[in-house]
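Please look over the sequence and the structure shown below before reading on. The paragraphs after them offer a guided reading for someone who has not met this structure before.

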Amino acid sequence: MFNKILVANRGEIALRVIRAAREMGIATVAVHSTADADAMHVRMADESVCIGPPSSTQSYLSFPAIISACEITGAEAIHPGYGFLSENAQFVQIVEDHDLTFIGPTAEHIRVMGDKITAKDTMKALGVPCVPGSDGGVPTLAEAQKLGEEMGYPVIIKATAGGGGRGMKVAQTAADMESAFQTARAEGKAAFGNDEVYIEKYLTTPRHIEIQVFGDGKGRAVHLGERDCSLQRRHQKVFEEAPGPAISAEERAAIGKVCADAVAKINYIGAGTIEFLYENGEFYFIEMNTRLQVEHPVTEAIFGVDLVREQIQVAAGMEMSFVQEDLRINGHSIEVRLNAEKLPNFSPSPGTISQYHAPGGLGVRMDSALYDGYSIPPYYDSLIGKLIVHGRDRAEALARLNRALGELIIDGIDTTVPLFHALLAEKDIHTGDYNIHWLEHWLEKQDT
């Protein structure tokens with residue numbers, strides 16, 4: 001087992017990793033920019049190293065700075081959290097070249113799954129169901145128009161290197177194709193330095209379902225059910241739950257086995273998430289995230305496992321602490337993402353926290369790095385916390401979420417907390433009758 005781990009991240013996920021390591025008796029090193037000198041993850045770690053100025057490219061994304069911090073402190077392994085360098089194959093290779101351990105999958109697995117076309121081809125070969133679409137990139141408008149006619153509209157054009165909703169455009173009819181094709185290419189080039197795009201059939205009312213998988217790198221893997229992440233704004237998740245309210249036990253077992261078998265065949269190591277669109281009883285592969293997900297706590301709640309602890313164990317060459325037969329769902333869990341944003345436009349709202357009180361009680365977990373007097377810097381993602389609840393069933397989880405939101409106090413800045421109060425008053429949320437377009441449509445109605 002490792003003696004010391006460096007956490008190459010910030011905020012609540014850095015705290016999450018530090019807590020797991022501390023329970024395992026492992027010392028931790030926090031890295032931080034000058035803007036994060038007073039951050040909670042810096043206070044909680046055993047050691048800390050300043051790695052640069054506020055800009056992410058000069059601090060949290062700096063390969064030399066992070067490797068140097070390992071050398072200075074004697075850290076043997078790096079946990080990337082999510083975001084930043086968590087899915088950067090080049091960084092993983094450099095970590096390995098310096099005889100350090102990356103707590104996550106191999107550089108090759110990150111590289112394969114990081115390219116949308118290669119990932120789709122790989123998954124298709126492994127027996128994972130995929131959305132009908134182009135075989136590889138689509139280089140010309142003429143070819144895109146031909147494919148659109150063959151598949152039938154609507155279709156969606158996606159940047160090969162895309163993510164976070166960027167480089168994605170829908171063509172509802174043939175008349176929309178030229179504009180959607182050129183815009184997706186331009187966004188892909190601007191955001192990722194790659195203007196290659198591919199085309200898929202656009203599903204009209206799907207849910208976003210993701211399967212949590214975990215492998216030991218030695219040909220053994222399990223699945224930990226699904227999460228429903230359909231409530232999204234601009235392709236960004238805001239509300240996640242497990243298990244999914246629209247998925248049957250039979251569907252869960254079937255798609256879970258497909259996913260676990262697929263990652264076992266490629267000797268995948270650590271946590272991963274295989275994302276699908278789900279419509280009319282069918283699953284269609286979107287992408288695989290080769291890292292810990294923001295919403296991993298809802299899976300932990302219903303299965304009673306610590307996914308970060310498991311990541312550390314398998315990275316150190318140890319066995320997973322469970323097999324598939326050990327994993328039984330207990331109750332229901334919901335997570336809401338709390339952002340420092342001003343409604344209704346969701347504009348960033350950095351500032352100083354004048355008062356903070358986290359909710360508590362049975363079945364309530366608050367993952368946050370906030371504290372009284374903390375100044376939220378304007379340089380990073382607006383996520384400031386995740387409120388997770390667990391109940392015996394979905395109804396109890398929703399009631400517990402409502403109660404916990406009522407206890408939560410975050411003063412001094414604007415947050416998205418009022419959004420969740422409003423959503424909990426909606427019938428569709430209580431019945432679970434929603435899809436990936438529901439929240440966007442609901443928000444549009446609020447503006448009228």
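The account below turns to the sheet, then to two helices, and then to the aromatic side chains. The model is a predicted one.

A suitable place to begin is the sheet. Strands of a sheet pair through backbone hydrogen bonds, either parallel or antiparallel. Here the pairing is parallel, and 5 strands form an open sheet whose order is β3-β2-β1-β4-β5. The edges are occupied by β3 (47-52) and β5 (101-102), each of which pairs on one side only. Within the sheet, strand β1, made of residues 4-7, and strand β4, made of residues 77-79, are joined in the parallel sense over 3 bridges. To locate this contact, the reader may start from L6, whose bridge partner in β4 is I78.

The next element to consider is helix α1, which comprises residues 11-23. With 13 residues at 1.5 Å a residue, α1 should span 18 Å; its end C-alpha atoms lie 19 Å apart, which agrees. The helix is mostly covered, since 10 of its 13 residues are buried. Among them are the residues I13, A14, L15, V17 and I18, and the buried set also includes E12 and R16. Just after α1, G25 adopts a positive phi of about 80°.

Helix α10, residues 296-303, is likewise described as mostly covered, with 7 of its 8 residues buried. The buried residues of α10 are H296, P297, V298, T299, E300, I302 and F303. Just after this helix, G304 has a positive phi of about 65°.

The aromatic side chains come next. A pair of aromatic rings is described by the distance of the centres and the angle of the planes. A search of the whole structure finds 11 aromatic pairs. One of these pairs F276 with F283 in an edge-to-face arrangement, 5.7 Å centre to centre and with 80° between the planes. Both F276 and F283 are buried. F283 also pairs with Y278: the ring centres are 4.7 Å apart and the planes stand at 50°, so this pair is tilted. Y278 is buried, as is F283. Elsewhere in the sequence, Y60, F84, Y379 and Y380 form one aromatic cluster.

Arginine side chains also meet aromatic faces. R43 lies over the face of Y371, at 4.3 Å from the ring centre. R207 is placed over the face of Y434, at 4.6 Å from the ring centre.

Conventions
Residues are numbered from 1 along each chain as its sequence is written. This is a predicted model: local features need pLDDT of at least 70, side-chain atom pairs count only at pLDDT 80 or more; totals for chains, interfaces and linings use all residues. Side-chain values use heavy atoms; hydrogens and water are left out. Two strands pair if DSSP finds at least two bridges between them. Helices (H or I, at least four residues) and strands (E, at least two) are DSSP runs, numbered from the N terminus. Buried means under 20% relative accessible area, exposed over 50%, partly exposed in between (1.4 Å probe, protein chains only). The expected span of a helix is 1.5 Å times one less than its number of residues. Rings of Phe, Tyr and Trp (its six-membered ring) pair if their centres lie within 6.5 Å; planes under 30 degrees apart count as stacked, over 60 as edge-to-face and the rest as tilted. A charge sits over a ring if NZ of Lys or CZ of Arg is within 6 Å of the ring centre and within 35 degrees of the ring normal.
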